[in-house]
Amino acid sequence: MTDAEAMAAAIALGEDARGTTAPNPNVGCVIVNQGRIVGRGATASSGRPHAEAIALDEAADSARGATLYVTLEPCAHRSERGPACADLIAAAGIARVVAALGDPDPRTDGKGFARLNDARIEVVVGEGANAAAASLAGFLTRIRAGRPFVTLKLAMSIDGKIALPSGESRWITGEDARADVHLERARCDTILVGRGTLEADDPRLDVRLPGLEARSPRRALLTRGAAPEGWTRIGAPEEIFALEGVNDLLVEGGSAAASAFLAADLVDRLLIYRAPILVGDGKSALGWIGLTDLAAAHGRWRLTGARMLGRDRLEVYERERN
């Protein structure tokens with residue numbers, strides 16, 4: 001098994017845990033001895049145990065002399081909930097650690113690697129870095145920017161409409177696209193809509209995919225007024241900096257909420273679900289987003305993926321930031 005193959009397995013484990021571990025990172029880990037995976041782990045839904053601890057427990061004695069692959073630098077700080085992963089790795093007799101990324105959390109930030117080096121464990125950093133960073137974007141953004149990673153979802157017609165003039169919007173896209181949205185919900189900690197969407201659609205905002213129902217995110221409402229019981233009130237997009245325990249935030253509707261987050265430049269990823277229909281007169285996907293000249297619109301978004309979902313097309317864009 002190559003380093004790339006083992007790291008891909010670790011990233012897949014971490015990705016499966018995304019949306020369940022906040023404020024902790026959704027780390028994945030595998031341990032390989034003599035070409036065979038002997039331990040697997042992902043951060044538990046409560047944030048502990050960490051991925052490395054779970055993988056080491058599964059590997060048991062087979063961890064001695066093995067290579068540990070992990071998507072994020074092993075933690076170096078002790079906690080009431082468990083020992084530092086760097087110490088566990090050293091005590092288990094791991095010979096080599098391959099990590100995709102360093103941990104920007106100041107409690108670890110290089111200290112985990114230093115502790116492994118002190119234990120004479122070979123450390124390799126960078127394998128699978130791009131894929132790991134995409135999977136851990138929520139945690140990394142929260143640590144570096146002090147806010148959640150924000151994904152904006154828009155389902156629209158070819159001509160950029162999200163509803164008829166009457167406000168009817170069910171359904172712009174087909175079943176395959178809607179199922180993909182539910183998968184995105186399962187990967188997020190909190191989902192946000194605007195007051196108009198709440199009053200027009202009374203959305204459940206839950207996950208209705210078999211086996212993932214328990215992973216429905218918390219609900220937030222962008223409003224100047226009060227939020228319903230059980231919802232988090234967000235008075236303005238900038239208030240997401242005060243959200244606690246949220247790595248990934250999904251903004252799902254409607255036009256006013258989407259426009260407000262874009263105008264505040266707080267959207268990191270766009271999911272555009274485009275249906276092969278024309279609406280004509282109707283409600284546009286976006287209103288004013290803060291642009292004062294066309295030149296400023298260019299160079300802001302990079303297409304990172306596209307695929308068909310039944311008859312609909314999904315386009316994924318990432319915000320270009322210096």
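This briefing describes the annotated sites, a run of packed helices and two buried strand residues in one structure. The model is predicted. An unreviewed UniProt entry assigns residues 1-124 to the annotation "domain: CMP/dCMP-type deaminase", and the same kind of record lists Glu52 under "active site" and His50, Cys75 and Cys85 under "binding site". The points below start from these annotated residues, continue with the helices H2, H3 and H4, and end with Arg269 and Leu250.

**Annotated domain**

- Across residues 1-124, which the unreviewed UniProt entry annotates as "domain: CMP/dCMP-type deaminase", helix accounts for 31% of the chain and strand for 19%.
- The C-alpha atoms at the two ends of this stretch lie 16 Å apart.

**Residues annotated as binding site**

- The "binding site" annotation, taken from an unreviewed UniProt entry, covers His50, Cys75 and Cys85. These residues span 36 positions in sequence, yet no two of their C-alpha atoms are more than 9.0 Å apart, so they gather at one spot.
- His50 sits in the loop between S2 and H2. Its relative accessible area is 13%, below the 20% cut-off, so His50 is buried.
- Beyond its neighbours within four places in sequence, His50 contacts Asn24, Thr43, Cys75 and Cys85. Two of these partners, Cys75 and Cys85, share the "binding site" annotation with His50 in the UniProt record.
- Cys85 belongs to helix H3 and counts as buried, with a relative accessibility of 1%.
- Setting aside residues up to four places away in sequence, Cys85 touches His50, Glu52, Pro74 and Cys75.

**Residue annotated as active site**

- Glu52, listed for "active site" in the unreviewed UniProt entry, is part of helix H2, which runs over residues 51-59.
- With 4% relative accessibility, Glu52 counts as buried.
- Residues up to four places away in sequence aside, Glu52 touches Val27, Cys29, Leu68, Val70, Leu72, Pro74, Cys75, Cys85 and Ile89. Cys75 and Cys85, both among these contacts, come under the "binding site" annotation in the UniProt record.

**Helix H2 and its surroundings**

- The buried residues of H2 are Ala51, Glu52, Ala53, Ala55, Leu56 and Ala59.
- An α-helix has 3.6 residues a turn, so residues three or four places apart point the same way.
- Packed against the buried residues of H2 are strand S1 (28-33), strand S2 (36-42), strand S3 (67-70) and H3.
- Ala60, just after H2, adopts a positive phi of about 50 degrees.

**Packing of H2 with H3**

- The axes of H2 and H3 come within 9 Å and cross at roughly 20 degrees. An angle under 35 degrees counts as roughly parallel, and H2 is therefore roughly parallel to H3.
- The crossing of H2 and H3 is left-handed.
- On the H2 side the contact is made by Glu52, Ala53 and Leu56, and on the H3 side by Cys85, Leu88, Ile89 and Ala92. By class, the contact of H2 with H3 comprises 6 nonpolar, no polar and 1 charged residues.

**Packing of H3 with H4**

- Helix H3 (residues 85-92) and helix H4 (residues 111-118) pack at an angle of about 20 degrees, their axes being 9 Å apart. H3 and H4 are therefore roughly parallel to each other.
- The crossing of H3 and H4 is right-handed, whereas that of H2 and H3 is left-handed.
- Ala86, Asp87 and Ile89 of H3 meet Gly112, Arg115 and Leu116 of H4. The residues in this contact divide into 3 nonpolar, 1 polar and 2 charged.
- Ile89 takes part in the contact of H3 with H4 and also in that of H2 with H3.

**Buried strand residues outside the annotated domain**

- Arg269 lies in strand S12 (residues 269-274) and, at 12% relative accessibility, counts as buried.
- Neighbours within four places in sequence aside, Arg269 contacts Phe149, Val150, Thr151, Leu152, Glu184, Val316, Tyr317 and Glu318.
- Leu250 lies in strand S11 (residues 248-253) and counts as buried at 1% relative accessibility.
- With neighbours within four places in sequence set aside, Leu250 contacts Thr151, Lys153, Glu184, Arg185, Cys188, Thr190, Ile191 and Leu192. Thr151 and Glu184 are thus contacts of Leu250 and are also listed for Arg269.
- Leu250 and Glu122 are separated by 128 residues in sequence and by 39 Å in space, C-alpha to C-alpha.

Key. Residues are numbered from 1 along each chain as its sequence is written. This is a predicted model: local features need pLDDT of at least 70, side-chain atom pairs count only at pLDDT 80 or more; totals for chains, interfaces and linings use all residues. Side-chain values use heavy atoms; hydrogens and water are left out. Axes are lines fitted to C-alpha atoms, for helices over the stretch in contact, and angles run from 0 to 180 degrees between N-to-C directions. Helices (H or I, at least four residues) and strands (E, at least two) are DSSP runs, numbered from the N terminus. Angles under 35 degrees count as roughly parallel, over 145 as roughly antiparallel, 65 to 115 as roughly perpendicular and the rest as oblique. A crossing is left-handed if the near helix is turned anticlockwise from the far one by less than a right angle, and right-handed if clockwise. Contact means heavy atoms within 4.5 Å. Ala, Val, Leu, Ile, Met, Phe, Trp, Tyr, Cys and Pro count as nonpolar, Asp, Glu, Lys and Arg as charged, and the others, Gly among them, as polar. Buried means under 20% relative accessible area, exposed over 50%, partly exposed in between (1.4 Å probe, protein chains only). UniProt positions are given in the numbering used here, feature names are shortened, and annotations may be inferred rather than shown by experiment.
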